[in-house]
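This report describes one molecular structure in terms of its strands, its core and its surface. Please consult the sequence and coordinates alongside the text.

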Amino acid sequence: MSDTKPSWTQRLADLGIELPKVVAPLGVYYPAVRSGNMVYTSGQLPMVDGELTFHGKVSEGAEGIVKPDQAREAARLCALNALAAINGLVGIDSLVRVVKIVGFVASAPGFTGQPGVLNGASDLIGEIFGEAGHHARSAVGVAELPLGSPVEVEMIVEVG
């Protein structure tokens, strides 16, 4: 049995996943900070090439601008952006485990599917990191998010 630490860079390549560039902050904060062996990301939106990919509140009804399956994809993009922030700060290969994911879902009245939306982020993390990706999680419904985003995701990870 090998004691070699897994190469998350190689795992990403094997899965055909490319981390995006770190999203520029929308205010006076850092995309991620390290304290001891923990890295905390700022809330990440579903941005691609500097543009928000989905806009509006999440709802299952006809009045919903963003359907739950679209919101799951948005949560996945948020998680990728959080990983990019971690990679930009300490390098993705220093990640030991994902400790917690916190997700916020801009929810239309009556929408209670926030945990299903956040599965978009959790499923991606599990696919990439396996056992090291098992994490605690909060999925919170909110009235509004920055720029009209339907989802925002933060991550806390342990690094070596």
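## Aspartate 49 and its loop

Aspartate 49 is located in the loop that runs between strand E3 (47–48) and strand E4 (51–52). The model is a predicted one, and in it the phi angle of aspartate 49 is near 50°, a positive value in a residue other than glycine. Aspartate 49 is classed as exposed because its relative accessible area is 77%, where the exposed class begins over 50%.

## Strand pairing

Strands E1 (32–35) and E2 (residues 38–41) form a hairpin with two residues between them. In the turn, glycine 36 has a positive phi of about 60°. The pairing of E1 with E2 is antiparallel and comprises four bridges; within it, arginine 34 has valine 39 of E2 as its bridge partner.

Valine 39 also has a bridge partner in E7, namely valine 157. E2 and E7 pair in the antiparallel sense over three bridges, and methionine 38 is matched there with glutamate 158 of E7. E7 is further paired with E5, again in the antiparallel sense, over nine bridges. In E7, valine 159 stands opposite leucine 95.

## The largest nonpolar core

Which residues of the largest nonpolar core touch the most other members? They are Leu83, Val117, Phe129 and Met155, in a core of 39 residues. At least two core residues come from each of helix H1 (8–15), helix H2 (68–90), strand E5 (95–106), helix H3 (114–129) and strand E7 (151–159). H2 makes the greatest contribution, with eleven residues.

The surroundings of methionine 155 can be listed once neighbours within four places in sequence are set aside. Its contacts then include Val39, Tyr40 and Thr41, together with Ala79, Ala82, Leu83 and Ile86. Val98, Lys100, Ile101 and Ile125 are also in contact with methionine 155.

## Helix H3 and its spatial neighbours

Proline 115 belongs to helix H3. Its relative accessibility is 40%, so proline 115 counts as partly exposed. When neighbours within four places in sequence are left aside, proline 115 is in contact with Arg137 and Ala139. The C-alpha atoms of proline 115 and alanine 139 are 5.5 Å apart, although the two residues are separated by 24 residues along the chain.

Aspartate 123 is likewise placed in helix H3. With a relative accessible area of 53%, aspartate 123 is exposed. Its C-alpha atom is 8.1 Å from that of arginine 76, and 47 residues separate the two in sequence.

## The salt bridge

How many salt bridges does a search of the whole structure find? The search finds one, in which the side chains of glutamate 144 and lysine 57 meet at 3.2 Å, N to O. The pair links distant parts of the chain, 87 residues apart: glutamate 144 is in the loop between E6 and E7, and lysine 57 is in the loop between E4 and H2.

The two partners fall into separate accessibility classes: glutamate 144 is exposed, with a relative accessible area of 56%, whereas lysine 57 is partly exposed, with a relative accessible area of 28%.

## A nonpolar surface patch

Leu26, Tyr29 and Leu147 together make a nonpolar surface patch of about 300 Å². Tyrosine 29 is found in the loop between H1 and strand E1. This tyrosine is classed as partly exposed because its relative accessibility is 35%.

Leucine 147 sits in the loop between strand E6 (136–142) and E7. Its relative accessibility of 52% places leucine 147 in the exposed class. The phi angle of leucine 147 is near 60°, which is a positive value in a residue other than glycine.

How values were computed: Residues are numbered from 1 along each chain as its sequence is written. This is a predicted model: local features need pLDDT of at least 70, side-chain atom pairs count only at pLDDT 80 or more; totals for chains, interfaces and linings use all residues. Side-chain values use heavy atoms; hydrogens and water are left out. A nonpolar core is a set of buried Ala, Val, Leu, Ile, Met, Phe, Trp, Tyr and Cys residues joined through side-chain atoms within 4.5 Å. Buried means under 20% relative accessible area, exposed over 50%, partly exposed in between (1.4 Å probe, protein chains only). Contact means heavy atoms within 4.5 Å. Patches are made of residues with over 30% relative accessible area and no salt bridge: like charges are joined within 9 Å, nonpolar side chains (Val, Leu, Ile, Met, Phe, Trp, Tyr) within 5 Å. Accessible areas come from the Shrake-Rupley method with a 1.4 Å probe; for residues, only the protein chains shown count as cover. A salt bridge is a side-chain nitrogen of Lys or Arg within 4 Å of a carboxyl oxygen of Asp or Glu. Two strands pair if DSSP finds at least two bridges between them.
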